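Biologist: Could you walk me through this one? I have a few short questions, and I may jump around a bit.

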Amino acid sequence: KTNTAGSVNAEAYGTWQFAAPVDMATNSSMRVVLLSALVSTNGPAESNSIWAVSFFKATPGDATVDIHTNLFGAEVFGTNTWADSITNNNRTATLSINVASPQLAPGDLAILKLRRNSTNDTVNGTVAALDLQAQYTR
């Protein structure tokens with residue numbers, strides 16, 4: 001997202017593929033912990049960066065799931081609030097997003113999608129995702 005006249009919103013996202021751990025409780029909740037950084041100034045006003053998390057899953061042997069055409073589940077949102085400052089760049093923040101039921105079972109193929117919802121957030125600069133953890137219940 002740029003702060004120039006006629007700003008452009010780039011809906012940037014990243015995906016991570018993993019096998020659901022064998023000791024994960026079926027349909028248990030997950031917590032996605034994101035470390036992000038405000039790379040450029042957010043201007044003289046408080047601002048928010050909004051992140052969305054969703055999951056895709058495929059159970060091995062399930063003939064009804066096409067990994068090329070099936071959709072991700074519903075998005076769950078989390079918000080970082082950045083203090084007002086014109087020199088607030090290069091700051092970091094940790095955000096926890098609780099996903100009530102990602103519908104995963106042990107051994108499932110899972111793809112976690114993290115998306116910056118820049119259309120609705122208020123940061124007029126660059127926010128970077130630095131680290132991501134998916135924590136689960138056994």
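Biologist: Leaving aside neighbours within four places in sequence, which residues is Ala-110 in contact with?
Modeller: Keeping in mind that this is a predicted model, Ala-110 is in contact with Trp-16, Gln-17, Phe-18, Phe-56 and Leu-104, once its neighbours within four places in sequence are set aside.

Biologist: How far is Ala-110 from Phe-18, in sequence and in space?
Modeller: In sequence the two are 92 residues apart, whereas in space Ala-110 and Phe-18 are 5.3 Å apart, taken from C-alpha to C-alpha.

Biologist: And is Ala-110 buried or exposed?
Modeller: Ala-110 is buried, because its relative accessible area is 0% and the cut-off for buried is under 20%.

Biologist: Which strand is Ala-110 in, and how is the sheet ordered?
Modeller: Ala-110 is placed in strand S6, and the open sheet has four strands in the order S1-S6-S3-S4, with antiparallel pairing. The edges are strand S1 (13-19) and strand S4 (76-82), each of which pairs on one side only, and neighbouring strands of this sheet are turned by 20° against each other on average, direction ignored.

Biologist: How many bridges join S1 to S6, and what stands opposite Tyr-13?
Modeller: Seven bridges join these antiparallel strands, S1 and S6, and Tyr-13 stands opposite Arg-115 in S6.

Biologist: Changing topic, where does Gln-103 lie, and what is its phi?
Modeller: Gln-103 lies in the loop between strand S5 (91-99) and strand S6 (109-116), and its phi is near 65°, a positive value in a residue other than glycine. Most residues other than glycine have a negative phi. Gln-103 is also partly exposed, with a relative accessible area of 42%.

Terms used: Residues are numbered from 1 along each chain as its sequence is written. This is a predicted model: local features need pLDDT of at least 70, side-chain atom pairs count only at pLDDT 80 or more; totals for chains, interfaces and linings use all residues. Side-chain values use heavy atoms; hydrogens and water are left out. Helices (H or I, at least four residues) and strands (E, at least two) are DSSP runs, numbered from the N terminus. Buried means under 20% relative accessible area, exposed over 50%, partly exposed in between (1.4 Å probe, protein chains only). Contact means heavy atoms within 4.5 Å. Two strands pair if DSSP finds at least two bridges between them. Axes are lines fitted to C-alpha atoms, for helices over the stretch in contact, and angles run from 0 to 180 degrees between N-to-C directions.
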